[in-house]
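Hi everyone, thanks for making time this morning. I'd like to walk you through some helix packing and a pocket, so let me put the model on the screen.

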Amino acid sequence: MTCPKLTSFRRSVLLPLLLSLSMVTLTLSADAAPRRPSDDSEVLERLPARAGDASARELVALRAAMAAAANDPQPAARLARRYFDLAMARGDPRYVGYAEAVIGRFPEPLPAALLTIRGMLRQYRHGFAAALDDFAAALAQDPELAEAHAWRAAISLVQADYQAARQECAALQALDETVLHGACSGLAQAYGGQLDSGYDSLQQALASSRDPGNRLWLLTRLGEVAAWRGQPALAERHYREALAIGRDDGYLLAAWGDFLLDGGRPAEVAEQLAGWESSDTLLLRLAEAAALLNSPDAARLAQALDDRFDAARQRGDTTHRAEEARHALHLRHDPQRALRLAAENYAVQREPRDARILLEAAIAAGKPAVAQPARDWLDSSGFADQRLRRLGEKSAAAVQR
C-alpha cells in the first residue's frame with residue numbers, strides 16, 4: 001500500500017457483510033434481560049482466544065498505550081481500529097461495541113482518524129447516512145485520506161450507486177493509490193455488468209500488492225467474480241489461495257461456504273466451518289450444510305439461529321434481515337416470511353447476494369412481483385451472473401402467468 005494510513009483494503013469492501021456478513025450476534029437467550037453493570041471495572045465476559053493467538057497480548061499493549069496518553073486520539077484510534085479488525089475477522093460484534101466505547105471517550109469535533117473509524121462502525125450497523133457524514137467530515141480535515149474514499153465507494157456499491165462508486169475510485173487514482181483504485185474499479189465494473197473487465201482490474205491490483213491482508217481480500221473477490229463468470233475451477237483456485245494465507249476472515253469463509261453449497265459440497269462446508277458457530281453468518285452456512293447432510297446437529301444449529309435472530313429483534317437490531325430471510329427460506333421453509341425479510345433488506349442494501357435471496361423468496365412464495373426491484377437492478381446494471389439472470393427470468397415469467 002502506498003498510503004500509510006491504510007492497513008488493508010479488505011475493510012473497505014467487507015461492507016456487504018458489514019452489511020451482510022457482519023450480521024453476527026451474541027449467543028443470547030431470547031428472553032434474557034439486559035443488565036447494566038454498576039461499576040465500570042466489572043468484567044462481564046472474557047472473549048475466547050484462539051490457540052497461538054497473539055491478539056490478546058496486542059490488545060493489552062494497545063490499551064496500556066491509550067491509558068498512558070488519555071487525551072491523545074492516536075493511541076485510541078489504533079485500539080479502536082484493532083477492535084474493528086477483530087470483529088471483521090471473527091464475526092463477533094462485541095468488538096464493535098468496544099471500539100465505540102473507545103471513540104465515545106472523546107468530545108466533538110473528532111479528529112479525522114476517529115471520524116473514519118466511527119464511520120466504519122456506523123456502516124457496520126447499517127447507519128449509512130451517518131457513516132457518509134463521518135467520512136465527509138474526515139475528508140474535510142484531510143483531503144488525502146484514501147481510506148475514507150474507499151469506504152464511501154463501498155457504501156455506494158452496497159446501495160447500487162455505481163456512478164458514485166466510480167467517482168470515489170477516481171479519487172483513489174488521483175491519490176496514486178494503485179491497489180485501492182484497482183480493487184475499487186474492479187468491483188464497480190463487476191457489479192455494473194462488466195465481469196471480464198472487473199476481473200482484470202482485480203487481478204492487476206493483486207499483482208501490485210504484497211500485503212497479505214490486501215491479497216486475501218482481492219483473492220476472495222476474484223473467486224466471487226470468477227464464479228459469476230461461470231468459471232468454478234478458477235474460482236476455487238482463488239479461494240484456496242486466499243485460505244492458504246492463514247488469516248481468520250469471516251467474509252472469505254462465508255463466500256467460500258456459499259461457493260461450496262452452490263456446488264453441492266455441504267460436507268466440505270461442515271468441515272471448513274467447524275468451530276465457527278459464534279458467527280451468525282458462518283453458523284447459517286453450517287446449518288444449511290447440516291440440513292443437506294441430514295446431520296444430527298441440523299435441528300440444534302437451526303434453533304441456535306432462531307434464538308439469535310429473536311435476541312437481535314429484542315435489541316432493535318435490523319441488520320440481520322438478509323441472513324434471516326435465507327434462514328427462513330432454506331431452513332424453516334417459510335417463504336412468506338423470507339420474502340418479507342428479503343424485501344425489507346433490499347430496500348437498504350442491494351448487492352448481488354441481496355438480489356438473489358429476494359428473487360428466490362419471491363419465487364418460492366408465489367409472489368414474483370415483489371422482486372421487481374431486483375429485476376430492475378439486473379436490467380439497469382447488466383450484472384452478468386447466469387444464476388441470478390435465470391432467477392430474474394423465472395420470476396418475470398411467473399409475473400406474466
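Let me start with a question: which residues in α18 meet which residues in α20? Before I answer, please keep in mind that this is a predicted model.

On the α18 side we have A322, A325, R326, L329 and H330, and they meet D354, I357, E360, A361 and A364 in α20. Sorted by class, that contact has 6 nonpolar, 1 polar and 3 charged residues. For orientation, α18 covers residues 321-330 and α20 covers residues 352-365. Their axes come within 10 Å and cross at roughly 35 degrees, and the crossing of α18 past α20 is left-handed.

Now stay with α20 and look at its contact with α22. Here the angle is about 35 degrees, with the axes 10 Å apart. Again, α20 passes α22 in a left-handed crossing. From α20, the residues involved are P352, A355, R356, L359, E360 and I363. Their partners in α22 are R387, L388, L391, G392, K394 and S395. This contact divides into 6 nonpolar, 2 polar and 4 charged residues.

You may have spotted E360 in both lists: E360 is among the α20 residues that meet α18, and among those that meet α22.

That brings me to the pocket, which I suspect some of you have been waiting for. The second largest pocket has a volume of about 970 Å³. Its lining takes in 39 residues, and nearest the centre lie D258, F259, D262, R356 and R387. Two of those names should sound familiar, as R356 in α20 and R387 in α22 also belong to the helix contact I just described.

Which elements give two or more residues to this lining? They are α12 (212-228), α13 (232-244), α14 (250-262), α16 (280-292), α18, α20 and α22 (386-400). Of these, α20 gives the most, with 6 residues. As for chemistry, the lining divides into 17 nonpolar, 6 polar and 16 charged residues.

One last stop, in another part of the chain. N71 sits in the loop between α3 (55-68) and α4 (73-90). Is N71 buried or exposed? Its relative accessibility is 75%, so N71 counts as exposed. N71 is also 34 residues from R105 in sequence, while their C-alpha atoms are 9.1 Å apart in space.

That's my tour, and I'm happy to go back to any view you'd like.

Note on methods. Residues are numbered from 1 along each chain as its sequence is written. This is a predicted model: local features need pLDDT of at least 70, side-chain atom pairs count only at pLDDT 80 or more; totals for chains, interfaces and linings use all residues. Side-chain values use heavy atoms; hydrogens and water are left out. Axes are lines fitted to C-alpha atoms, for helices over the stretch in contact, and angles run from 0 to 180 degrees between N-to-C directions. Helices (H or I, at least four residues) and strands (E, at least two) are DSSP runs, numbered from the N terminus. A crossing is left-handed if the near helix is turned anticlockwise from the far one by less than a right angle, and right-handed if clockwise. Contact means heavy atoms within 4.5 Å. Ala, Val, Leu, Ile, Met, Phe, Trp, Tyr, Cys and Pro count as nonpolar, Asp, Glu, Lys and Arg as charged, and the others, Gly among them, as polar. On a 1 Å grid over the protein atoms alone, a cavity is a set of points where a 1.4 Å probe fits but cannot get out, and a pocket is an open set with protein on both sides within 12 Å along at least five of seven lines; lining residues have an atom within 4 Å of a point. Grid points are joined across faces, edges and corners, and a volume is the space filled by probe spheres set on the points. Buried means under 20% relative accessible area, exposed over 50%, partly exposed in between (1.4 Å probe, protein chains only).
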